[in-house]
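Subject: A structure for you to explore

Hi,

Here is the structure I promised to pass on to you. Have a look around first, then read my notes below.

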Amino acid sequence: MAPHRPRAGRAPRPSLPGPGLRGEHFTVLDPATGQAFDEAPDQRPQELDAVVGRAHEAWLGWRADPVARATALLTAADAVEAARADLAPLLTREQGKPLSESYAEVARTAARLRYFAESSPGSRTLTDGRPVHSEVRWRPLGPVAAIVPWNFPLQLASAKFAPALAAGNTVVLKPSPFTPLATRLLGSVMSAALPEGVLTIVTGREPLGARLASHPGIRHVTFTGSVPTGRAVAAGAAPGLARVTLELGGNDAAILLDDVDVERIADRLFWAAFRNCGQVCMAVKRVYAPARLHSRVVEALAERAKTVVVGSGLDTGTELGPVNNAAQLARVEHCAARALADGARAVAGGHRLDRPGYFYAPTVLADVPPGSPVVTEEQFGPVLPVLPYRSLDEAVEAANATRYGLGGSVWGTDLDRAEAVAERLECGTAWINHHAELSLAQPFAGIKESGVGVAGGPWGLYGNLRPFVVHRPLEAGA
Ligand code: NAD
């Protein structure tokens, strides 16, 4: 696959030192080099009044015709798929992930548009024995703000705009300033299929997101990102009483049972932790292994960490790209360094890679004190602690001892026993013998500090609708 070439008229600017302003634009860095390669508009918060106003205007037409909506969304899905050879390399260039994963992300974006285009809330008649007919019909909310992070820019954006648009809302979408480019291209690709103002992409540095989340014309704020920003978003939306859906961080545990076949599951477990360089909200972030198997599990994971091909996502053969940005790399480094200072042992990695860009060696840690931040906090990078346990109760208690509650998994040969343990996990999704697999049709909802509200499947659609009830007597004159 040919590497991405900047669009015509956009010469690469390798001489720029880092993210910064250039007139009304901010620079975008390639995490594989640490160099600027393009730029995006640095929109000012005051521009949002006009943007949200146009989204409201567009909503009046868009909400009226569900059949036209479904057709437009299916056409948009085709357009996204047709543009994959432009979208995927651009996504890799700004995000860092291997090209094959960017192609998968684009495919998932198109699939989500199709899934929601074909979903409909329908109506429902209620009876309670009285001579009245109550019918629940579902109505859209109005302009929706979608704010997303940099780890899956297109996939997470589509998880927000596909159900919102299918429900009859219009959307103002703000990508992360680290990854604005593929989202802007996606918006322009989809614009041929959608009436003006139905989906608007805005890019810029803060306080653009804060102003969007608190804009009085927005009726639903759907946000994915960190817990502190999620809190700020909820506080910003509160005065206008806009609905809020928050998908926040995670610190998922994987519990291995004593009948687990270590060699058989090692690849799957490794990738459940390290895919996208560990920058996945529902990645495995802690492994609990029975004390008797602990060293075998550590060795199996470390062997993979030492041999996985790390490099630019655009290079053929790369399995793991860089961390997305300098601040995240510093956070990962700090987390691992603190664990090592706390007495942990890096069985693989434990250091930055000596090359340009934001590369950190895939790291497997043993002998980690349970109170070290790499266990208690979300590392969100290619560093995995493996902890021994003596009793299952101890493992379950440790897995649940977190302020997060996104996902968790149990790995073993006896599936009934594994499921019984999975039942005890305090989280939104519990997997058995895999982790972080989601279908388009299933609900996705974290508990505790992992989030508020439900995304995915019909629940994602209803999250963008309000019930409207028509209540009438069964007979005229009653
Ligand atoms: P972040 O919270 O820093 O930023 C997320 C988005 O919010 C970005 O677009 C950012 O520009 C914007 N933003 C920043 N300040 C804002 C404010 N005051 N008001 C409104 N918007 C603001 O998160 P990040 O570093 O981009 O992403 C990493 C985090 O996202 C991790 O904690 C990860 O677990 C989480 N995440 C969660 C899920 C999930 O589904 N639960 C999925 C992916 C990532």
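Which of the 29 residues around the ligand come nearest? They are P149, G209, G225, T229 and C281, where a residue is near a molecule if its C-beta atom, placed from the backbone, lies within 6 Å of it. Before going on, please note that this is a predicted model, in which local features need pLDDT of at least 70, side-chain atom pairs count only at pLDDT 80 or more, and totals for chains, interfaces and linings use all residues. Residues are numbered from 1 along each chain as its sequence is written.

The shell around the ligand divides into 14 nonpolar, 11 polar and 4 charged residues. Here Ala, Val, Leu, Ile, Met, Phe, Trp, Tyr, Cys and Pro count as nonpolar, Asp, Glu, Lys and Arg as charged, and the others, Gly among them, as polar. Helix 7 (208–213) and helix 8 (227–237) each supply at least two residues of this shell. Helices (H or I, at least four residues) and strands (E, at least two) are DSSP runs, numbered from the N terminus.

Helix 8 also leads us to a sheet. An open sheet of 6 strands has the order 8-7-6-9-10-20, with mixed pairing; two strands pair if DSSP finds at least two bridges between them. At its edges are strand 8 (199–201) and strand 20 (451–452), each pairing on one side only. Strand 7 (residues 170–174) runs parallel to strand 8, and 3 bridges join them. One residue to look up is L173, whose bridge partner in strand 8 is I201. Helix 6 (residues 181–191) packs on this sheet, touching strand 7 and strand 8, and its direction makes about 150° with that of strand 8. Such angles run from 0 to 180 degrees between N-to-C directions, with axes fitted to C-alpha atoms, for helices over the stretch in contact. Contact between two residues means that their C-beta atoms, placed from the backbone, lie within 7 Å. Helix 8 packs on the sheet as well, touching strand 6 (143–147), strand 9 (220–224) and strand 10 (243–247).

There is another sheet to find. This open sheet of 7 strands has the order 13-14-15-12-11-17-18, again with mixed pairing. Strand 13 (345–348) and strand 18 (429–432) stand at the edges with a single partner strand each, so one side of each is left without a neighbour in the sheet. From one strand to the next, the twist averages 25°. Strand 11 and strand 17 run parallel and are joined by 4 bridges, and A253 stands opposite G408 in strand 17.

Now turn to helix 13 (residues 392–400), where A395, V396 and A399 are buried. A residue is buried if 20 or more other C-beta atoms lie within 10 Å of its own, exposed if 12 or fewer, and partly exposed in between, with C-beta atoms placed from the backbone. On the other side of helix 13, D393 and E397 are exposed. The buried residues of helix 13 pack against strand 11 (252–256), strand 12 (284–290), strand 15 (383–389), strand 17 (407–411) and helix 14 (415–422).

Finally, here are some backbone details. The peptide bond from E206 to P207 is cis, with omega near 15°, and P207 is found in the loop between strand 8 and helix 7. L241 is not a glycine, yet its phi is positive, near 50°. Is L241 buried or exposed? L241 is exposed, with 8 other C-beta atoms within 10 Å.

Happy exploring!
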